[in-house]
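Trainee: Please take me slowly through the interior of this model, one part after another. I would like the cut-offs spelled out along the way.

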Amino acid sequence: MPVIAIETPVGRLGIAERAGRIVRVAWNGKPEGNPTPLLSEAARQMAAYFDGGLTDFDLPLDPGDGPHARVFAAMRAIPYGRTRSYGDIAKELGIRADEVGQACAANPVPVIIPCHRVLSATGLGGYSGGKGAETKIALLKLEGGYPFLL
């Protein structure tokens with residue numbers, strides 16, 4: 001599986017492709033194989049996002065079709081610079097808020113699937129990527145969604 005690594009304000013990210021779809025964004029990722037046109041485009045879009053020039057990724061994704069797929073779709077629907085609570089997403093999908101949190105923690109494509117835009121009802125909530133809450137705050141600040149906009 002080819003992987004391209006890019007430096008970002010929140011650390012090095014490795015973006016992986018399989019069968020013409022982005023399947024993973026990993027913290028501290030290392031390049032593997034030859035960059036494909038899709039990986040080059042993903043790197044370009046990621047750079048534009050961190051430069052403030054991109055608010056919506058346009059990449060084919062395959063985060064999996066398991067039990068978290070509906071939560072991933074709900075996260076992708078949260079507009080740039082906005083946030084939603086775990087509870088709001090849970091209510092919309094008819095599941096428990098902790099299931100939304102589990103999906104956020106299991107997100108294989110962070111940043112592109114914006115789990116950082118999901119907050120607890122009382123504040124920040126958790127974040128499993130990068131440096132944890134520090135990374136979540138950095139991404140929210142980049143998008144103008146900090147302090148929190150529920």
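Mentor: Cys115 counts as buried, with a relative accessibility of 6%, where buried means under 20% relative accessible area, exposed means over 50% and partly exposed lies in between (1.4 Å probe, protein chains only). The model is predicted, so local features need pLDDT of at least 70 and side-chain atom pairs count only at pLDDT 80 or more, while totals for chains, interfaces and linings use all residues. Residues are numbered from 1 along each chain as its sequence is written, and side-chain values use heavy atoms, with hydrogens and water left out.

Cys104 is likewise buried, at 9% relative accessibility. The sulfur of Cys115 has its closest cysteine sulfur in Cys104, 5.6 Å away, which is too far for a bond, given that a disulfide is taken as a pair of cysteine sulfur atoms within 2.5 Å. By this rule the count of disulfides is zero.

From the cysteines we can turn to the nonpolar core, defined as a set of buried Ala, Val, Leu, Ile, Met, Phe, Trp, Tyr and Cys residues joined through side-chain atoms within 4.5 Å. The largest such core holds 39 residues, of which Ile15, Ile22, Met46 and Ile112 touch the most other members. At least two residues each come from strands E1 (3-8), E2 (11-18) and E3 (21-27) and from helices H1 (37-50), H2 (69-76), H3 (86-93) and H4 (97-106), these being DSSP runs numbered from the N terminus (helices H or I, at least four residues; strands E, at least two). H1 gives the largest share, eight residues. Leaving aside residues up to four places away in sequence, Met46 touches Ile6, Thr8, Leu13, Ile15, Val25, Phe57, Val111 and Ile112, with contact meaning heavy atoms within 4.5 Å.

The three strands named above form an open sheet in the order E1-E2-E3, with antiparallel pairing, where two strands pair if DSSP finds at least two bridges between them. E1 and E3 are the edge strands, each pairing on one side only, and the twist from one strand to the next averages 25 degrees. E1 and E2 are joined over six bridges in the antiparallel sense, and Ile4 stands opposite Ile15 in E2. H1 lies across E1, E2 and E3 and runs at about 145 degrees to E2; axes are lines fitted to C-alpha atoms, for helices over the stretch in contact, and angles run from 0 to 180 degrees between N-to-C directions.
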